[in-house]
Amino acid sequence: MIDRRTLLGSIAALPLAASAACAQERSAPPPRTAPGTLIERPIPGANDQVPVIGVGTARRYADPAEADFPELRDTLASFAKLGGRMIDTAPSYGQAEEVVGRLVEELGIRDRLFLATKVGADSKAEGSAQIEQSFRKLRTNRIDLIAVHNLRDTANQLATLRGLKEAGRIRSLGVTTSSDSQYEALEAVMRREALDVIQVDYALDNRNAAERILPLAQERGMAPMINLPFGRGRLFEATQGRPLPDWAAEIDAATWAQVFLKYVVSHPSRPIAIPGMARARYATDNMGAARGRLPDSALRRRMEAFIDAL
Ligand SMILES: NC(=O)c1ccc[n+]([C@@H]2O[C@H](COP(=O)([O-])OP(=O)(O)OC[C@H]3O[C@@H](n4cnc5c(N)ncnc54)[C@H](OP(=O)(O)O)[C@@H]3O)[C@@H](O)[C@H]2O)c1
């Protein structure tokens, strides 16, 4: 329970907090967060904000056996119970959209979530048909974000997405890539188009997106979503059997997963990470990265030096 004086004090502090947040966006270090408070990021266009950790569904949700469903259900239940909101999926991830739609309906958590999917098609007609299928598979009449998958047929698909946004069927739109070979094209789209969100690969051992893409997102007011924040497990292999360095305690990181995620979400462009998560214990672990302190720029350099030296 919060008493009246605390509540009034918090309200009085709001404008200060807001201007501090703006200043923060321009320069490191990121904010210190009270223990227990979820660190959130705004999603332009949707007029919403979501915790910095979401769920990626690329592989483990693609083709689950019936026996895998209880664990997937527990994962999403734990994620939502801990305050998690964003789930990222795509039509090209096998059965992932159907699996997410089914579990979200069974758990009755649609209203709490921010559902993000993608469109990957070669013409306007094909894209529109695919999007209608996404609505059906996700069992929802509103999708919170649709992004053009890997910049495929970008101009046509963005035109469709703008129409859907105007009609109120989606709340935000964007584009994705996970490949350096598309960075130049991504940059051009980001300069040319008004986007709410961009999605790109970035991890402690894969930092190329920080050179131009993430600063450009910050400059253009686009929310960055980070795919492959663990490099598909590569970072766990690199650190296997190693104890956490002393500095992990300075950012309230109790596991390697939290170290890797806190690095990603502390970039000054204020990204959201969407690690692949298909176990309830991963949901608990990864959501731990949405709480406590984040590294400042000096500690981020130390983290990079640490991983580069392995
Ligand atoms: N172009 C695009 O738009 C694009 C491309 C790629 C990915 N994505 C999106 O980004 C998401 C993330 O990518 P990803 O899933 O391929 O790779 P990732 O997030 O870098 O790594 C996922 C793997 O890390 C392991 N993991 C997760 N949490 C863990 C924890 N707390 N402790 C230990 N291990 C943990 C899991 O391994 P196990 O499950 O094997 O145990 C999981 O498969 C995708 O699911 C997808 O939604 C988008």
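Reader: How do you know that the side chain of His149 makes a polar contact with the ligand?

Author: In this predicted model, an N or O atom in the side chain of His149 is 3.4 Å from an oxygen atom of the ligand. A polar contact is a pair of N or O atoms within 3.5 Å, so the pair involving His149 counts as one.

Reader: Which part of Arg232 faces an oxygen atom of the ligand, and what makes that pair a polar contact?

Author: The atom of Arg232 is a backbone N or O atom, and it lies 2.8 Å from an oxygen atom of the ligand. That value is within the 3.5 Å limit, so this pair is also a polar contact. Asp285 adds a pair of another kind, in which a polar side-chain atom lies 3.0 Å from a nitrogen atom of the ligand. The protein covers 90% of the 910 Å² of accessible area that the ligand has on its own.

Reader: How many residues surround the ligand, and which are the closest?

Author: The ligand is surrounded by 30 residues, and the closest are Arg60, Asp88, Asn150, Tyr282 and Asn286. Each residue counted has a heavy atom within 4 Å of the ligand.

Reader: What makes up the lining of the largest pocket?

Author: The lining holds 33 residues, with Arg59, Arg232, Pro275, Gly276 and Met277 nearest the centre of the pocket, and the pocket contains about 750 Å³ of space. Helices H9 and H11 (280–287) each supply at least two of the lining residues, and H11 gives the most, with three. By class, the lining divides into 13 nonpolar, 12 polar and eight charged residues. Because Gly counts as polar and Arg as charged, Gly276 belongs to the polar group, whereas Arg59 and Arg232 belong to the charged one.

Reader: Why is Asp153 called partly exposed?

Author: The relative accessible area of Asp153 is 24%. Buried would require under 20% and exposed over 50%, so Asp153 falls in between. Asp153 sits in the loop between strand S6 (143–148) and helix H6 (154–166).

Reader: What is noteworthy about phi of Asp153?

Author: Phi of Asp153 is near 50°, a positive value in a residue other than glycine. Most residues other than glycine have a negative phi. Asp252 likewise has a positive phi, of about 55°, although it is not a glycine.

Reader: Where is Asp252, and is it buried, exposed or partly exposed?

Author: Asp252 lies in the loop between helix H9 (234–239) and helix H10 (256–265). With a relative accessible area of 34%, Asp252 is neither under 20% nor over 50%, and is therefore partly exposed.

Key: Residues are numbered from 1 along each chain as its sequence is written. This is a predicted model: local features need pLDDT of at least 70, side-chain atom pairs count only at pLDDT 80 or more; totals for chains, interfaces and linings use all residues. Side-chain values use heavy atoms; hydrogens and water are left out. Helices (H or I, at least four residues) and strands (E, at least two) are DSSP runs, numbered from the N terminus. Buried means under 20% relative accessible area, exposed over 50%, partly exposed in between (1.4 Å probe, protein chains only). On a 1 Å grid over the protein atoms alone, a cavity is a set of points where a 1.4 Å probe fits but cannot get out, and a pocket is an open set with protein on both sides within 12 Å along at least five of seven lines; lining residues have an atom within 4 Å of a point. Grid points are joined across faces, edges and corners, and a volume is the space filled by probe spheres set on the points. A polar contact is a pair of N or O atoms within 3.5 Å; within protein, one must be able to donate a hydrogen and the other to accept it, and residues adjacent in sequence count only if both atoms are side-chain atoms. Accessible areas come from the Shrake-Rupley method with a 1.4 Å probe; for residues, only the protein chains shown count as cover.
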